[in-house]
Amino acid sequence: MAEFDERVAALTARFTGEAIGSMAVIEACLTRRAWADLSTQCHSLAGRAGMFGQASLGEAARAVEEAIDAKAPATVIKPLALDLLDQLRALRQER
């Protein structure tokens with residue numbers, strides 16, 4: 001069982017590192033208003049976050065993705081993306 005726990009811990013650490021690493025991409029997409037790229041990034045993040053106990057982070061990513069898919073204006077997308085970035089910063093602080 002210890003080996004399983006070690007593998008889960010390693011996968012969780014990898015997810016956390018990748019999630020934190022996605023901050024720069026998300027910020028760049030937001031700055032360029034590259035909504036399709038931002039949606040893709042958020043889709044991936046949302047799908048993986050729940051598997052690693054980060055439900056709130058997943059929900060924030062999903063909210064951005066859904067706003068983009070619904071063709072919401074930037075005034076709706078931007079605050080959602082900024083909330084997602086805040087959650088990623090908090091994750092980085094916890095690390």
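**Notebook: a four-helix chain and its first helix**

I began at the N-terminal end, where Ala-2 is exposed, with a relative accessible area of 51%. The cut-off for exposed is over 50%, so Ala-2 falls in that class at 51%. I note that the model is a predicted one. Ala-2 belongs to helix H1. I then took a distance from Ala-2 to Asp-37: the two are 35 residues apart along the chain, and their C-alpha atoms are separated by 39 Å.

**Entry: the chain as a whole**

I looked up the secondary structure and found four helices and zero strands in the protein chain. Read from the N terminus, the order of elements is α-α-α-α.

I next checked the overall dimensions. Along the principal axes, the C-alpha atoms fill a box of roughly 50 × 20 × 20 Å. The radius of gyration is 14 Å, and a compact globule with 95 residues would have one near 12 Å, which agrees.

For the surface, I recorded an accessible area of about 5,700 Å², of which 55% belongs to carbon and sulfur atoms. Of the 95 residues, 33% count as buried. I also looked at the sequence range of the contacts: among those between residues at least 6 apart in sequence, 64% join residues at least 24 apart.

**Entry: helix H1**

I turned to H1, which covers residues 2-32 and has 31 residues. From its first C-alpha to its last, H1 reaches 45 Å, close to the 45 Å expected at 1.5 Å a residue. I also found a kink in H1 of about 30 degrees, and its centre is Met-23.

Which residues of H1 are buried? I listed Phe-15, Thr-16, Ala-19, Ile-20, Ser-22, Met-23, Ile-26, Cys-29 and Leu-30. Met-23 thus appears in this list and is also the centre of the kink. For the spacing of such positions I recalled a general point: an α-helix has 3.6 residues a turn, so residues three or four places apart point the same way.

I then asked which helices the buried residues of H1 pack against. They pack against helix H2 (35-49), helix H3 (55-69) and helix H4 (74-94).

**Entry: two residues of H1, Ser-22 and Val-25**

Ser-22 lies in helix H1. I found its relative accessibility to be 5%, and Ser-22 therefore counts as buried, the cut-off being under 20%. Leaving aside residues up to four places away in sequence, Ser-22 touches Gln-41, Leu-45 and Leu-88.

Val-25 also lies in helix H1. Its relative accessible area is 37%, and Val-25 is partly exposed. I took the distance from Val-25 to Asp-37 as well: the two are 12 residues apart in sequence, and their C-alpha atoms are 8.9 Å apart in space. For Ala-2 and Asp-37, I had noted a separation of 39 Å.

**Entry: the aromatic pair**

I searched the whole structure for aromatic pairs and found one. Why is the pair of Phe-15 and Phe-52 stacked? The ring centres are 5.0 Å apart and the planes stand at 10 degrees, so the pair is stacked. The cut-offs behind this step are centres within 6.5 Å and planes under 30 degrees apart.

I then placed the two rings along the chain. Phe-15 lies in helix H1 and Phe-52 in the loop between H2 and H3, so the pair ties together parts that are 37 residues apart in sequence. As to cover, Phe-15 is buried, with a relative accessible area of 2%. Phe-52 is partly exposed, at 23%.

**Entry: positive phi angles**

I looked at the backbone after H1. The helix is followed by Arg-33, whose phi is positive, near 55 degrees, although Arg-33 is not a glycine. Arg-33 lies in the loop between H1 and H2. Is Arg-33 buried or exposed? At 55% relative accessibility, I recorded Arg-33 as exposed.

I made a further note for Lys-71, which has a positive phi of about 60 degrees and is not a glycine. Lys-71 is found in the loop between H3 and H4. Its relative accessible area is 73%, and I recorded Lys-71 as exposed.

Notes
Residues numbered from 1 in each chain as written. Predicted model: local features only at pLDDT ≥ 70, side-chain atom pairs only at ≥ 80, totals over all residues. Heavy atoms only, no water. Expected span 1.5 Å × (residues − 1). Bend = angle between axes of the 7 residues up to and from the residue. Buried < 20%, exposed > 50% of the residue type's maximum accessible area, 1.4 Å probe, protein only. Contact = heavy atoms within 4.5 Å. Phe/Tyr/Trp six-rings, centres within 6.5 Å; stacked < 30°, edge-to-face > 60°. Rg over C-alpha atoms; globule rule 2.2 N^0.38 Å. Areas by Shrake-Rupley, 256 points an atom, 1.4 Å probe, with all protein chains shown as cover.
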